[in-house]
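Could you walk me through this structure, one selection at a time? I have it open in a viewer and would like to know what to click on next.

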Amino acid sequence: MSQFTYVTYIRTTPEKLWSALTQPAFTKQYWFGIIMESDWKVGSPWKMVHPDGRTTDAGEVLESDPPRRLVLKWRNEFMPELKAEGFTRCEFDLAQKGEAVQLKITHSIDREHAKVIDAVSDGWPQILSSLKSLLESGEPLARAQ
């Protein structure tokens with residue numbers, strides 16, 4: 001198994017963080033123009049879409065317990081070598097910790113040395129730092145080159 005875990009603390013409420021994770025108006029701001037589309041019900045499809053309409057990633061909602069836990073079946077759709085590795089599992093766990101919310105992301109696949117986990121290991125810290133900045137200051141980060 002290959003796995004990436006990232007934990008951050010954001011000065012917000014679980015409800016605001018849940019909205020930021022699931023509402024297109026929010027994701028567009030901190031995910032550099034990309035929106036997430038779904039009704040977030042168990043069994044429903046979800047996808048991430050570029051401003052030009054290309055789907056970057058897609059899958060299925062496996063668990064949805066607002067505003068505490070979201071689990072997605074996730075596959076990269078635009079890089080052939082990552083898509084070929086198949087579906088990953090991405091867990092979002094939110095927990096109130098004093099004045100902050102702990103957000104834990106665990107992204108995994110049942111495959112050793114997965115390229116897709118290497119890719120998300122680079123992407124998640126940038127995305128989640130931008131999310132934290134947006135929720136705490138009102139401004140997302142610029143995309144690092």
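Before the first stop, one term: a residue counts as buried when its relative accessible area is under 20%, and as exposed when that area is over 50%. Please also keep in mind that this is a predicted model.

**Stop 1: strand β7**

Select residues 100-109, which form strand β7. Nine of its ten residues are buried, so the strand is largely enclosed by the rest of the structure. Now add its partners. Strand β1, residues 2-10, runs antiparallel to β7 and is joined to it by nine bridges. Strand β6, residues 88-97, is also antiparallel to β7, again with nine bridges.

To see single rungs of this ladder, click on threonine 5, which stands opposite threonine 106 of β7. Then try aspartate 93, whose bridge partner in β7 is lysine 104. Where β6 turns into β7, the hairpin has two residues between the strands, and glycine 98 there takes a positive phi near 65°.

Stay with threonine 106 for a moment. Is this residue buried or exposed? Its relative accessibility is 9%, which is under the 20% limit, so threonine 106 counts as buried. Leaving out residues up to four places away in sequence, threonine 106 touches Gln3, Phe4, Thr5, Arg89, Cys90 and Glu91.

**Stop 2: helix α4**

Next, select residues 115-137, the helix α4. This helix has 23 residues and reaches 34 Å from its first C-alpha to its last, close to the expected 33 Å. Look along the helix for a bend: a kink of about 30° lies at glycine 123, shortly before proline 125. Just after the helix, glycine 138 has a positive phi of about 90°.

Now colour the buried residues of α4, among them Val116, Val120, Trp124, Ile127, Leu128, Leu131 and Leu135. As you look at them, a rule of thumb may help: an α-helix has 3.6 residues a turn, so residues three or four places apart point the same way.

**Stop 3: the nonpolar core**

What lies around those side chains? The largest nonpolar core has 35 residues, and Phe92, Trp124 and Leu131 touch the most other members. At least two residues come from each of β1, α1 (14-22), β3 (45-49), β5 (69-76), β6, β7 and α4. The largest share, nine residues, is supplied by α4.

Click on leucine 131 and show its surroundings. Apart from neighbours within four places in sequence, leucine 131 is in contact with Ile10, Leu17, Ala20, Leu21, Tyr30 and Leu103.

One of those contacts, leucine 17, makes a good next click. Leucine 17 lies in helix α1, and its relative accessible area is 0%, so it is buried. Beyond four places in sequence, its contacts include Ile10, Leu94, Val101, Leu103, Leu131 and Leu135. If you have a distance tool, try leucine 17 and glutamine 102: they are 85 residues apart in sequence, and their C-alpha atoms are 9.9 Å apart in space.

**Stop 4: the aromatic cluster**

Show the rings of Tyr30, Trp31, Trp46, Trp74, Phe92 and Trp124, which ring pairs link into a cluster. How many aromatic pairs does the structure hold? There are six. In one of them, tyrosine 30 and tryptophan 31 have ring centres 6.0 Å apart and planes at 40°, so this pair is tilted. Both tyrosine 30 and tryptophan 31 are buried.

**Stop 5: unusual backbone spots**

Finish with the backbone. Most residues other than glycine have a negative phi, and most peptide bonds are trans. Three places to visit depart from that pattern.

- Proline 67 sits in the loop between β4 (55-65) and β5. The peptide bond leading to it from proline 66 is cis, with omega near -10°.
- Phenylalanine 32 is in the loop between α2 (24-30) and β2 (35-37). Its phi is positive, near 60°.
- Histidine 113 is in the loop between β7 and α4, and its phi is positive too, near 50°. At 73% relative accessibility, histidine 113 is over the 50% limit and so counts as exposed.

Definitions and conventions: Residues numbered from 1 in each chain as written. Predicted model: local features only at pLDDT ≥ 70, side-chain atom pairs only at ≥ 80, totals over all residues. Heavy atoms only, no water. Helix = DSSP H or I, 4+ residues; strand = E, 2+ residues; numbered from the N terminus. Expected span 1.5 Å × (residues − 1). Bend = angle between axes of the 7 residues up to and from the residue. Buried < 20%, exposed > 50% of the residue type's maximum accessible area, 1.4 Å probe, protein only. Pairing = 2+ DSSP bridges. Contact = heavy atoms within 4.5 Å. Core = buried A, V, L, I, M, F, W, Y, C linked by side-chain atoms within 4.5 Å. Phe/Tyr/Trp six-rings, centres within 6.5 Å; stacked < 30°, edge-to-face > 60°.
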